[in-house]
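Hi there,

Here is the structure I promised to pass on. Have a look at it first, and then read my notes underneath.

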Amino acid sequence: MILPIYIYGQPVLRKVAQDITPDYPELKELISDMFESLTASDGVGLAAPQIGKDIRVVVIDLDVLGDDFPDYKDFRKAYINPHILEYDENAPKETMEEGCLSLPGIHENVTRPTRIHVVYKDDEFNDHDEWVDGYLARVMQHEFDHLEGKMFIDRMPPFRKQLIFGKLKALLKGKVRCGYRTKIAHK
């Protein structure tokens, strides 16, 4: 089932998400619905708060990049209870343009570390403890930020955020144009 994407201004996007247990109701169905919603919205990552759930679940699908980056061919993964333990201070930082399904029409440069240490459970609740780098590390940071009640605009310099203030205000008023189902703040 394709779920609506919650748009900037929805309170759940600013809440810290909670870890879940293996007995979370209909978890496999939720993950499947998240992947279906992600595909329908042409995204590469989706966090549970973006569909209105304040739980620590993220899906990432980088298969679309597979032609240019063979490592990402068929890359489709769910992350349960993910946490970033540390950022590699010795790795360079990289600035790239980011967008977000919850902020349609807004794309801005964000600087992030290129290597991170993460822990998470997979969809079978097996534990993982990994160092991740490259584009996957960026996508993880973006999506895991959602689990902390943060969005990529929070990582922008204040003057850049001021420049997009009008766009953010429009989103709060429900002025949204995109090709996927949404749930705006005031309805």
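**Leucine 13 and its surroundings**

Leaving out residues up to four places away in sequence, leucine 13 touches Tyr6, Ile7, Tyr8, Pro49, Gln50, Ser102, Gly149, Lys150 and Met151; contact here means heavy atoms within 4.5 Å. Before going on, note that this is a predicted model, where local features need pLDDT of at least 70 and side-chain atom pairs count only at pLDDT 80 or more, while totals for chains, interfaces and linings use all residues. Residues are numbered from 1 along each chain as its sequence is written, and side-chain values use heavy atoms, with hydrogens and water left out.

Where does leucine 13 sit? You'll find leucine 13 in the loop between strand S1 (5-6) and H1. Helices (H or I, at least four residues) and strands (E, at least two) are DSSP runs, numbered from the N terminus. Leucine 13 has a relative accessible area of 0%, so it is buried. The cut-offs are under 20% relative accessible area for buried, over 50% for exposed, and partly exposed in between (1.4 Å probe, protein chains only). Between the C-alpha atoms of leucine 13 and aspartate 123, which are 110 residues apart along the chain, there are 23 Å.

One of the contacts of leucine 13 is Gln50, and that residue deserves a look too. Glutamine 50 lies in the loop between strand S2 (45-47) and S3. Its relative accessible area is 1%, so glutamine 50 is buried as well. Not counting residues up to four places away in sequence, glutamine 50 touches Pro4, Ile5, Tyr6, Leu13, Gly45, Cys100, Leu101, Ser102, Glu143 and His146.

**The cores**

In soluble globular proteins, nonpolar side chains tend to be buried together. A nonpolar core is a set of buried Ala, Val, Leu, Ile, Met, Phe, Trp, Tyr and Cys residues joined through side-chain atoms within 4.5 Å. The largest one here has 20 residues, and Leu27, Ile31, Met34, Leu46, Val57 and Val59 have the most contacts inside it. Helix H1 (27-40), strand S3 (57-61) and strand S4 (76-87) are the elements that give two or more residues to this core. H1 supplies the largest share, 6 residues. Take isoleucine 31: apart from neighbours within four places in sequence, it is in contact with Val57, Val59, Ala78, Ile80 and Asp123. Another core, of 18 residues, lies apart from that one, and Tyr72, Tyr79, Leu136 and Leu147 are among its members.

Tyrosine 79 is in strand S4 and, at 0% relative accessibility, counts as buried. Setting aside residues up to four places away in sequence, tyrosine 79 touches Arg56, Val57, Val58, Ile60, Tyr120, Lys121, Leu136, Met140 and Phe144. Its C-alpha atom is separated by 9.6 Å from that of histidine 128, and the two residues are 49 residues apart along the chain.

**Strands**

Two strands pair if DSSP finds at least two bridges between them. S3 and S4 do so in the antiparallel sense, over 5 bridges, and valine 59 has alanine 78 in S4 as its bridge partner. S4 also runs antiparallel to strand S7 (residues 115-121), joined by 5 bridges. There, isoleucine 84 stands opposite valine 118 in S7.

**Rings**

Rings of Phe, Tyr and Trp (its six-membered ring) pair if their centres lie within 6.5 Å; planes under 30 degrees apart count as stacked, over 60 as edge-to-face and the rest as tilted. That gives 4 aromatic pairs. In one of them, the rings of phenylalanine 69 and tyrosine 72 have centres 6.2 Å apart and planes at 50°, so this pair is tilted. Tyrosine 72 and phenylalanine 75 form an edge-to-face pair, with 6.1 Å centre to centre and 80° between the planes. Phe69, Tyr72 and Phe75 are thus linked by ring pairs into a cluster.

**Cysteines**

How many disulfides does the structure hold? It holds 0 disulfides, a disulfide being a pair of cysteine sulfur atoms within 2.5 Å. The closest cysteine sulfur to that of cysteine 100 is in cysteine 178, and because it is 11 Å away, it is too far for a bond.

Enjoy exploring!
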